[in-house]
Amino acid sequence: MNKTPENDPDLETLRKTIDRRATATYSPELTRRIMEAVKAEAGVRRSPRFYPFIAAALVLLVLLLVLPLFMPKAGEKPADPALERLLAAQQADGFWLPDPPAPAAYAPGLTALALLRLNTGAEATRFAVERAQRALLAIQQPNGSFAGAYNHALVTYALLIRHTGGDATLKAPLDRALAALIETQLPEGSWGADPALTAWNGRTLNLAVLYRLIADDAPARRAHRWLETACDPVPSPEALLRNNAIGNRLEFR
């Protein structure tokens with residue numbers, strides 16, 4: 001037989017239970033205890049679990065707002081006292097002059113070294129680098145040289161680094177400087193008795209071959225072989241003094 005609301009025993013039991021609850025009476029003492037518990041619960045101030053997360057978020061927000069004030073802007077670098085002194089020492093004509101008693105003839109080589117130090121791509125050094133480069137190009141001789149063996153070695157290397165970094169305007173003067181460098185190399189591969197001079201020129205020629213500015217690598221190989229035979233694996237004090245004396249006797253022309 002199908003159950004209906006009229007003959008369902010479970011439904012009838014539920015009705016009776018509801019009727020009993022509706023007519024039931026509760027003790028006044030029970031009601032008082034319930035109301036006191038409600039008042040006591042209302043007096044307790046609970047801290048939501050998410051309060052620590054809100055505090056951490058506020059601290060992070062403050063840091064994000066304050067830290068940029070103490071950080072360098074895009075494209076800038078932190079202050080470097082040595083770099084600032086180097087920039088301040090540049091002359092109006094673009095050169096750096098050696099301190100006395102060193103002769104002023106060393107200025108091109110010294111300027112080339114300063115250019116290499118400043119050639120970082122930073123906006124703060126761009127003007128100084130461009131001014132130094134113009135000054136060096138202005139003294140290049142018709143045969144491609146830069147007033148003396150050491151000057152030529154350092155300036156040629158500096159211009160090579162600038163050219164390989166993307167300055168296409170240096171291709172023609174650099175070609176003339178490399179030709180002059182190769183022309184003055186001695187048959188055994190050196191540029192004189194001082195290994196330091198040959199080391200600079202050998203490095204320049206290696207890079208020129210690498211970047212296909214010169215096709216013949218024979219001059220670079222001769223320089224490398226000469227350095228292998230001329231330099232002591234562990235230089236003696238006598239060899240260091242000899243090389244220093246040779247460098248001091250070098251005359252610029």
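## Exercises on an all-helix model

Proline 101 is found in the loop between H4 and H5, where helices (H or I, at least four residues) and strands (E, at least two) are DSSP runs, numbered from the N terminus. The model is predicted, so that local features need pLDDT of at least 70 and side-chain atom pairs count only at pLDDT 80 or more, while totals for chains, interfaces and linings use all residues. Residues are numbered from 1 along each chain as its sequence is written, and side-chain values use heavy atoms, with hydrogens and water left out.

**Exercise 1. Describe the make-up of the protein chain.**

Step 1: count the elements. The protein chain has 11 helices and 0 strands, and from the N terminus on its elements run α-α-α-α-α-α-α-α-α-α-α.

Step 2: look at burial. Of the 253 residues of the protein chain, 28% count as buried; buried means under 20% relative accessible area, exposed over 50%, and partly exposed in between, with a 1.4 Å probe and protein chains only.

Step 3: look at the contacts along the sequence. Among contacts (heavy atoms within 4.5 Å) between residues at least 6 apart in sequence, 64% join residues at least 24 apart.

**Exercise 2. Work through the loop and the helix pair around proline 101.**

Step 1: inspect the peptide bond. The bond from proline 100 to proline 101 is cis, with omega near 10°.

Step 2: describe how the flanking helices pack. Two packed helices are described by the angle between their axes and the distance between the axes. The axes of H4 (residues 81–88) and H5 (residues 107–118) come within 11 Å and cross at roughly 135°; axes are lines fitted to C-alpha atoms, for helices over the stretch in contact, and angles run from 0 to 180 degrees between N-to-C directions. H4 and H5 are therefore oblique to each other, given that angles under 35 degrees count as roughly parallel, over 145 as roughly antiparallel, 65 to 115 as roughly perpendicular and the rest as oblique.

Step 3: assign the hand. The crossing of H4 and H5 is left-handed, a term used if the near helix is turned anticlockwise from the far one by less than a right angle, with right-handed used if clockwise.

Step 4: list the residues in contact. H4 contributes Leu83, Leu86 and Leu87, and H5 contributes Ala114, Arg117 and Leu118. These residues divide into 5 nonpolar, no polar and 1 charged, where Ala, Val, Leu, Ile, Met, Phe, Trp, Tyr, Cys and Pro count as nonpolar, Asp, Glu, Lys and Arg as charged, and the others, Gly among them, as polar.

**Exercise 3. Which backbone nitrogen lies 3.1 Å from a polar atom of the side chain of aspartate 80?**

Step 1: place the residue. Aspartate 80 is found in the loop between H3 (51–66) and H4, and at 28% relative accessibility it counts as partly exposed.

Step 2: find the partner. The backbone nitrogen is that of alanine 82.

**Exercise 4. Follow the start of H7 from alanine 147 to asparagine 151.**

Step 1: examine alanine 147. Found in the loop between H6 (123–138) and H7, alanine 147 has a positive phi of about 50° although it is not a glycine, and at 26% relative accessibility it counts as partly exposed.

Step 2: examine asparagine 151. Asparagine 151 lies in H7 (residues 149–164) and is buried, with a relative accessible area of 2%.

Step 3: connect the two. The side chain of asparagine 151 reaches the backbone oxygen of alanine 147 at 3.0 Å.

**Exercise 5. How do H7 and H9 meet, and what lies around histidine 163?**

Step 1: give the geometry. The axes of H7 and H9 (residues 195–210) come within 10 Å and cross at roughly 30°, and the two helices are therefore roughly parallel to each other. H7 passes H9 in a left-handed crossing.

Step 2: name the contact. Residues of H7 including Ala149, Tyr150, Leu160 and Ile161 meet residues of H9 including Ala196, Trp200, Leu207 and Ala208. The residues of this contact divide into 12 nonpolar, 3 polar and 1 charged.

Step 3: turn to histidine 163. Histidine 163 lies in H7 and is buried, with a relative accessible area of 16%. Not counting residues up to four places away in sequence, histidine 163 touches Ala168, Leu170, Lys171, Leu174 and Leu213.

Notes: A polar contact is a pair of N or O atoms within 3.5 Å; within protein, one must be able to donate a hydrogen and the other to accept it, and residues adjacent in sequence count only if both atoms are side-chain atoms.
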